[in-house]
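Colleague: I should like to learn how to read a model of this kind, feature by feature. Might we take each idea in general terms and then turn to the case at hand?

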Amino acid sequence: MVQEPTLEPEVDSLPERPLVRPGDILPGLIHLQPVAARPFFPGQAVPLLMDAQHWGPTLKAVAATEHKILGVILVGSERAEDAGPSDFHPIGTACRVHRVHEQGGMLQVLVECLQRFRLVGWVSREAPFSARVNYFPEYAGPPDEQVKAYAVAVINTIKELLPLNPLYVEELRMFLDRFGPEDPSHLSDFAASLTTSSKQQLQEVLEAVDLLPRMEKVLVLLNNELELARAQQKIRRSVEERMQTQQREFFLKEQLKAIQKELGLAKDDRTAELDRFRERIEKLTLSEEAHKRVDEEMEKLAILETGSPEYAVTRNYLDWISLLPWGRHSKDKLDLKRARRVLDRDHHGLEDVKARILEFLAVGIHKGEVAGSIILLVGPPGVGKTSIGRSIADALGRRFYRFSVGGIRDEAEIKGHRRTYIGAMPGKFIQAMKDAGTQNPVIMLDEIDKIGAAYHGDPASALLEVLDPEQNVDFLDHYLDLRFDLSKALFLCTANQLDTIPAPLLDRMEVIPLAGYIAEEKLQIARRYLLPRQVERAGLAKGTVRIPSNSLRALIEGYARDAGVRRLEQQLAKIVRKSAVKLLQGTKPPIEVTGGELKDYLGSPLFRDERRLSGPGVVTGLAWTAMGGVTLSIEAAATHTFARGFKLTGQLGEVMKESAEIAYSYVVSHAAALGAEPSFFEKSFIHLHVPAGATPKDGPSAGITMASALLSLARQEPVRRIAMTGEITLTGEVFPIGGVREKLIAARRAGIGEILLPEDNRGEFEEVPEHVRKGLRIHFLRRFNDVVPHLFGGDKTKRSRAVDSAKPGA
């Protein structure tokens with residue numbers, strides 16, 4: 001805000017002056033017109049545009065006077081309409097109004113700027129503003145030497161500006177029509193008005209009443225304007241030169257094309273593209289249908305205008321067809337010993353999985369080709385499903401292409417978009433064939449259990465055609481609209497679980513389960529593969545970071561207890577990164593990480609030893625999750641004897657709740673036969689809880705575990721250190737469950753060596769690798785009566801006979 005000017009007393013006596021014409025006498029009381037953009041200078045004729053509604057009364061008041069004088073003065077506010085008396089600068093310019101024209105609610109006013117004035121007293125503080133003023137006569141008389149020097153400097157600077165901006169020429173001509181270069185006062189005001197300086201800088205020039213200080217300020221502004229104009233001209237010249245160069249190159253290229261075409265040395269774009277497509281297609285073995293379609297599209301391309309949309313669509317279509325590997329196959333390396341070496345090189349353990357893969361390859365070797373099969377690798381995250389797919393491709397010597405179908409909701413991702421849509425493209429499988437460059441690559445579909453469905457269609461159903469060996473020989477992509485043979489490709493799929501895969505799709509796959517790794521396998525994998533790989537990725541020399549076996553075991557048990565090795569690799573990467581920092585800080589290699597230092601590198605352990613719950617009513621069960629097998633403690637307690645009842649907690653699913661109800665019904669109805677007092681259940685309110693209540697749980701395999709917990713509570717006898725899994729029926733039959741290998745690994749990890757399994761799972765158990773079964777004592781059960789002898793410490797004779805009968809299967 002500009003401070004309100006200090007009012008000065010009116011001057012009663014004026015000095016003697018020469019006689020003047022009545023029209024030249026300026027009044028002491030004038031109306032004021034605020035402007036917000038920039039001040040006006042004496043000697044100018046300036047058009048002024050203002051709002052008719054707001055400033056119309058001001059101009060009417062001026063028109064009613066004889067002198068027609070209007071005081072134009074700069075204000076500090078953003079808009080002139082918002083200005084108050086405190087916003088007015090103290091010095092402005094008296095102007096004579098010559099012409100007023102109203103159009104569209106705006107007033108166009110032409111004013112002649114005459115002389116500087118100073119506000120000395122307000123008459124009206126609201127629009128129309130008016131005030132008493134004092135005038136500053138313009139400099140008159142011959143200039144002294146110093147003024148002449150400044151005037152010459154101003155004129156020379158203006159001369160330098162003229163070639164840089166043609167607009168200055170017209171303004172200078174208008175100035176010379178009214179004044180001469182020997183008028184330094186008007187010259188300096190004119191020079192200031194030429195510049196694009198800020199309104200505050202221009203107001204300072206207006207307020208410089210003395211001529212020499214004013215000319216100094218103007219010369220600074222002119223020099224700044226000169227530098228700005230030179231920079232603008234330099235930029236403009238650079239842009240023009242670049243445009244001229246580009247235009248020259250364009251014309252020369254066009255001339256060269258025309259000359260080459262006349263001489264027969266070059267072809268136009270359409271002919272060149274047609275020749276390129278023909279050259280590609282000659283190297284391919286297209287089907288009869290594809291040949292016919294290509295000929296039709298080539299004829300269409302030859303007559304279309306190159307700028308038409310249809311030309312681009314047809315060109316892209318031919319480009320896709322000619323880039324596909326029609327009839328092009330890579331030669332398989334059908335060597336079983338080599339395949340075994342590749343699998344052993346890339347993966348430790350997984351002997352059962354390797355054996356299944358080698359069996360599959362052996363059949364292909366006898367047939368002479370490996371094709372027509374879809375393998376599904378199912379297991380927890382981080383067990384090596386994707387890397388096994390790469391190893392299979394490497395063993396066969398085929399190209400490998402992987403894409404994730406997790407979250408795909410549009411069947412066009414599988415079968416392509418029709419060419420009628422803008423931006424249409426073929427589906428993922430045709431893209432895979434193009435990128436692989438052969439018709440028999442190894443294609444991996446990751447996360448097939450997470451494929452979605454939406455209103456766009458059902459991608460899982462679209463996969464049925466792709467993954468069916470009887471149908472994919474004539475796979476039809478919507479974009480190509482041609483039959484393409486996918487039967488020579490080897491399809492590998494990965495999943496974490498089978499439950500979410502549609503049954504018709506699962507029926508077309510050969511399932512190979514990957515259960516997970518035990519601690520000893522993880523130790524070897526970390527030592528042979530993971531740690532060396534992380535050291536190499538960090539750019540460190542081999543052997544720079546050493547982790548002894550006991551430290552690796554502590555790392556696995558405390559920080560990476562899950563079924564896979566992904567978390568283990570992440571923790572090793574963290575250790576290597578912190579070791580790299582230590583090396584840069586001056587620690588001498590090699591850096592050895594001991595078990596006691598793991599906390600410094602990785603923080604507190606993520607996993608702790610499972611709390612061993614004991615006492616009557618507490619039994620350890622085994623469960624399967626998408627992350628692998630886990631142990632699950634089940635607790636039963638009699639809360640009171642006021643009334644009979646049964647309560648369940650632990651965020652159990654519907655199936656698990658039903659298992660608990662069945663277990664309760666069976667134990668209550670057979671309490672006497674099982675060695676419990678029937679009266680216990682008649683009076684007691686039983687509470688059955690599965691700890692870790694924040695984790696959802698479901699499934700039927702905890703039936704015998706729940707029944708055992710209820711029986712232990714009723715007999716008030718603790719259960720031995722034993723784990724079990726199996727489904728129970730109302731008649732006491734023990735039904736089979738799934739995930740045997742994962743559950744055995746979970747028991748080993750928890751240090752439990754004795755396990756109860758359903759008899760119907762004996763075959764599954766015998767397929768578990770020997771190193772997983774080693775050291776485990778397994779009892780197979782047909783009925784719940786077979787469970788009781790193994791639960792409690794007494795009746796050792798019966799228990800030993802039961803163990804002996806289970807030994808052959810174990």
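The dialogue below takes up confidence, overall make-up, a sheet, the cores, and some individual residues.

Colleague: Where should one begin, and what is the mean pLDDT of the protein chain?

Modeller: One begins with confidence, since this is a predicted model. The pLDDT is the predictor's confidence in each residue, from 0 to 100. In the protein chain its mean is 81, and 89% of the residues reach 70 or more.

Colleague: Which elements have the lowest and the highest mean pLDDT?

Modeller: Helix H27 (residues 796-806) has the lowest mean, 37, whereas strand S23 (residues 754-758) has the highest, 91. Two stretches should be read alongside these values. Over residues 1-20 the pLDDT stays under 50, and the model has 26 contacts beyond four places in sequence for them. Residues 795-810 are also below 50, with 23 contacts in the model beyond near neighbours in sequence.

Colleague: How many helices and strands does the protein chain have, and what share of its residues is buried?

Modeller: The secondary structure comprises 27 helices and 24 strands. Of the 810 residues, 47% are buried. The accessible surface is about 41,100 Å², and carbon and sulfur atoms account for 52% of that area.

Colleague: How is the sequence separation of contacts to be read here, for residues at least 6 apart?

Modeller: One asks what share of such contacts joins residues at least 24 apart in sequence; in the protein chain, that share is 74%.

Colleague: Let us turn to the open sheet. In what order do its five strands lie?

Modeller: A sheet is read strand by strand across its width. The order here is S8-S9-S12-S7-S13, with parallel pairing. Strand S8 (400-404) and strand S13 (510-513) are the edges, each pairing on one side only. On average, neighbouring strands are turned by 20° against each other, direction ignored.

Colleague: How many bridges join S8 to S9, and which residue stands opposite Tyr 401?

Modeller: Five bridges connect S8 with strand S9 (residues 442-446), and the two run parallel. Tyr 401 faces Ile 443 of S9.

Colleague: Why look for a nonpolar core at all?

Modeller: In soluble globular proteins, nonpolar side chains tend to be buried together. The largest nonpolar core in this model has 52 residues, and Phe 429, Leu 445, Ile 448, Leu 467 and Phe 491 touch the most other members. Helix H9 (residues 309-323) supplies the largest share of this core, five residues. Apart from it lies another core, of 49 residues, including Leu 361, Leu 396, Leu 552 and Leu 555.

Colleague: Which residues does Ile 448 touch, leaving out those up to four places away in sequence?

Modeller: Ile 448 touches, among others, Leu 376, Val 405, Leu 463, Leu 467 and Cys 493. Its partners also include Thr 494, Ala 495, Ile 501, Leu 505 and Met 509.

Colleague: Is Thr 705 buried or exposed?

Modeller: The cut-off for buried is under 20% relative accessible area, and for exposed over 50%. Thr 705 counts as buried because its relative accessibility is 1%. This residue belongs to helix H23 (residues 703-715). Beyond four places in sequence, Thr 705 is in contact with Val 619, Thr 620, Gly 621, Ile 634 and Met 724.

Colleague: And is Lys 599 buried or exposed?

Modeller: Lys 599 is at 52% relative accessibility and therefore counts as exposed. It lies in helix H20 (residues 598-602). Setting aside residues up to four places away, Lys 599 touches Tyr 559 and Ser 604. Its C-alpha atom is 9.9 Å from that of Gly 558, 41 residues apart along the chain.

Colleague: Which backbone features deserve a separate look?

Modeller: One may examine omega for cis peptide bonds and phi for its sign. A cis bond joins Ala 127 and Pro 128, with omega about -5°; Pro 128 is in the loop between strand S5 (106-124) and strand S6 (129-136). The bond from Pro 589 to Pro 590 is cis as well, with omega near -5°, and Pro 590 is in the loop between helix H19 (566-584) and strand S15 (591-592).

Colleague: What is phi of Glu 447, and where does Glu 447 lie?

Modeller: Phi of Glu 447 is near 55°, a positive value in a residue other than glycine. Glu 447 lies in the loop between S9 and helix H15 (459-466), and is partly exposed, with a relative accessible area of 28%. Asp 481, not a glycine, has a positive phi of about 55°. Asp 481 is in the loop between strand S10 (475-476) and strand S11 (483-484), and it is partly exposed at 40% relative accessible area.

Key:
Residues are numbered from 1 along each chain as its sequence is written. This is a predicted model: local features need pLDDT of at least 70, side-chain atom pairs count only at pLDDT 80 or more; totals for chains, interfaces and linings use all residues. Side-chain values use heavy atoms; hydrogens and water are left out. A nonpolar core is a set of buried Ala, Val, Leu, Ile, Met, Phe, Trp, Tyr and Cys residues joined through side-chain atoms within 4.5 Å. Buried means under 20% relative accessible area, exposed over 50%, partly exposed in between (1.4 Å probe, protein chains only). Helices (H or I, at least four residues) and strands (E, at least two) are DSSP runs, numbered from the N terminus. Contact means heavy atoms within 4.5 Å. Accessible areas come from the Shrake-Rupley method with a 1.4 Å probe; for residues, only the protein chains shown count as cover. Two strands pair if DSSP finds at least two bridges between them. Axes are lines fitted to C-alpha atoms, for helices over the stretch in contact, and angles run from 0 to 180 degrees between N-to-C directions.
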